[in-house]
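Me: I would like to learn how to read salt bridges and backbone geometry in a model such as this one. Could you take me through them step by step?

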Amino acid sequence: MKMLTGILFTGLFSMIMTVQASHYPADSLLLYFRQVEEATFLHQGLWDKDIYGPILLVDTATREVYANLPDARGVLKFDKGIYKGILPKEVTFSNTDIQWSGTHWAMITLPLSANEHDRVDLITHELFHVAQPSLGFQIRREENNHLDIREGRIYLRLEMAALEAALKARRFNRAEEHLRNALIFRKYRQMLYRGSETTENSLELLEGLATYTGQIMSGRNKWQWREYLIRRIEQFEKVPSFVRSFAYETVPVYGFFLYQKDNHWNKKVDGETQLTEFFSEAFGVDRRILLQSYVKQVAEDYRGRTIADEESKREVSNNLLLDMYREKFFEEPRLEIRLEEMNMSFNPQNLIPLDEDEGTVYPTITLSDNWGVLTVEKGGALLRNDWRWVIVSEPLEITGKRIVGEGWVIELNEGYEVNRNSQGDYQILKKTTVKPPPDKEDSFY
């Protein structure tokens with residue numbers, strides 16, 4: 001099963017003013033491409049590689065795409081210095097990297113930011129994803145559902161509070177004290193949840209390094225970068241879900257301080273690096289056993305009691321939400337869809353994990369497969385943890401190739417149909433071809 005994990009930066013970059021336009025002049029697009037090409041060339045020493053490559057800018061309203069390079073299959077046509085075409089309906093769009101028309105692209109949705117630093121940051125982030133395999137990073141997708149549980153959220157929030165304090169410290173040695181405390185909260189959290197060091201590490205290697213790369217290549221100076229990181233942490237407190245979004249914030253802050261000590265620290269990281277230990281060694285965190293009493297004492301310096309109280313209140317309301325989704329997707333009539341070659345785009349800030357054997361609710365998602373395209377704008381879809389099934393509420397209307405439910409719609413491809421089973425649930429299945437009986441004159445009887 002092919003999987004495209006779309007990363008939507010709408011929330012992560014909500015503080016950025018964007019250029020609103022109904023069309024995109026070629027000279028503006030050429031300027032964007034040139035600025036990115038200059039940035040990657042200037043910072044090719046970051047990974048000992050110029051990561052400039054194929055970039056696909058997508059107008060989400062019209063599905064028109066603008067590229068800096070041709071595709072391998074000649075779908076895009078050259079016009080006024082750029083390559084243009086229409087993205088097929090089965091291709092989902094988001095800020096991500098994608099294999100399409102024989103080419104591995106950095107895909108970015110339009111409009112782009114009016115700020116050059118933010119624009120270059122976002123595009124080079126996605127270009128790094130294109131380059132990641134060639135840099136030796138072969139990273140598996142891992143779940144971090146423990147970051148939606150009370151204790152997991154508390155100690156992530158404490159880590160982020162200590163990182164914010166480090167950024168705001170007036171002296172570097174004081175900043176390092178806060179960094180060591182951040183790592184104490186991190187290590188304690190990973191002690192509480194078996195295997196979480198590995199799962200968190202996978203996402204940080206995947207998205208944390210890409211975010212760090214984009215921020216380095218953005219062109220911000222040290223003080224602009226510091227203020228930008230502070231704003232991001234302040235925004236992070238408001239994010240509904242941490243399970244897929246934390247890595248965009250943690251690695252860049254540690255990286256900011258590591259950069260002051262060693263501009264090339266990132267080249268010491270590979271696909272096998274355990275970042276918690278790497279950061280702990282870099283900032284002098286000792287290896288003593290962490291006692292709960294000591295960790296709670298340190299937490300008092302970072303609003304520990306307030307955070308714990310807030311998370312206790314959230315836990316009550318969140319459990320009610322989880323029960324509502326369990327009833328919706330497991331007890332009420334529903335549509336179950338088998339995934340074959342799935343691509344999808346989603347918002348990483350609002351995922352709602354259920355129990356390990358149940359799956360994760362995506363409040364909004366666009367998902368394409370051999371059977372067609374599912375678009376969920378509200379009400380959510382449940383993606384099972386094996387990534388073999390997606391579940392939505394029961395269909396309310398089936399008209400030809402269009403299936404509509406509460407908050408979702410499916411455009412069905414030829415060769416597939418919707419059937420209802422004896423339990424009252426629906427499934428999308430391949431049509432079966434029934435051979436007609438032989439003519440009598442051709443029969444042996």
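**Salt bridges and backbone geometry**

Reply: Let us begin with one pair: D425 forms a salt bridge with R334, their closest N and O atoms being 3.5 Å apart. This pair links distant parts of the chain, since D425 sits in the loop between β19 (416–420) and β20 (426–430) while R334 belongs to strand β8 (residues 334–338), 91 residues apart. Please keep in mind throughout that this is a predicted model.

Me: Are D425 and R334 buried or exposed?

Reply: Both D425 and R334 are buried.

Me: Which residues are joined into one network by salt bridges that share partners?

Reply: The network consists of R153, R157, E237, R303, E310 and E311. Over the whole structure, the search finds 32 salt bridges.

Me: How should I read a salt bridge between two helices, and what does the pair R186 and E159 tie together?

Reply: The general idea is that a salt bridge is assigned when a side-chain nitrogen of Lys or Arg comes within 4 Å of a carboxyl oxygen of Asp or Glu. Here the side chains of R186 and E159 meet at 2.9 Å, N to O. Because R186 lies in helix α4 (residues 172–192) and E159 in helix α3 (residues 150–168), the pair ties together parts that are 27 residues apart in sequence. R186 counts as buried at 1% relative accessibility, and E159 is buried too, with a relative accessible area of 0%.

Me: Where do K267 and D48 lie, in the salt bridge that they form?

Reply: The side chains of K267 and D48 meet at 3.1 Å, N to O. K267 is in the loop between α7 (247–261) and α8 (275–282) and D48 in the loop between α1 (26–42) and β2 (55–59), so this salt bridge ties together parts that are 219 residues apart in sequence. K267 is partly exposed, with a relative accessible area of 33%, whereas D48 counts as exposed at 60% relative accessibility.

Me: Turning to the backbone, which residues other than glycine have a positive phi?

Reply: One of them is D48, already met in the salt bridge with K267, whose phi is near 55°. Another is K80, which is not a glycine and has a positive phi of about 55°. K80 lies in the loop between β4 (77–79) and β5 (82–86) and is exposed, with a relative accessible area of 63%.

Me: And which peptide bond is cis?

Reply: The bond from L110 to P111 is cis, with omega near 5°, and P111 lies in the loop between β7 (103–110) and α2 (116–131).

Definitions and conventions. Residues numbered from 1 in each chain as written. Predicted model: local features only at pLDDT ≥ 70, side-chain atom pairs only at ≥ 80, totals over all residues. Heavy atoms only, no water. Helix = DSSP H or I, 4+ residues; strand = E, 2+ residues; numbered from the N terminus. Buried < 20%, exposed > 50% of the residue type's maximum accessible area, 1.4 Å probe, protein only.
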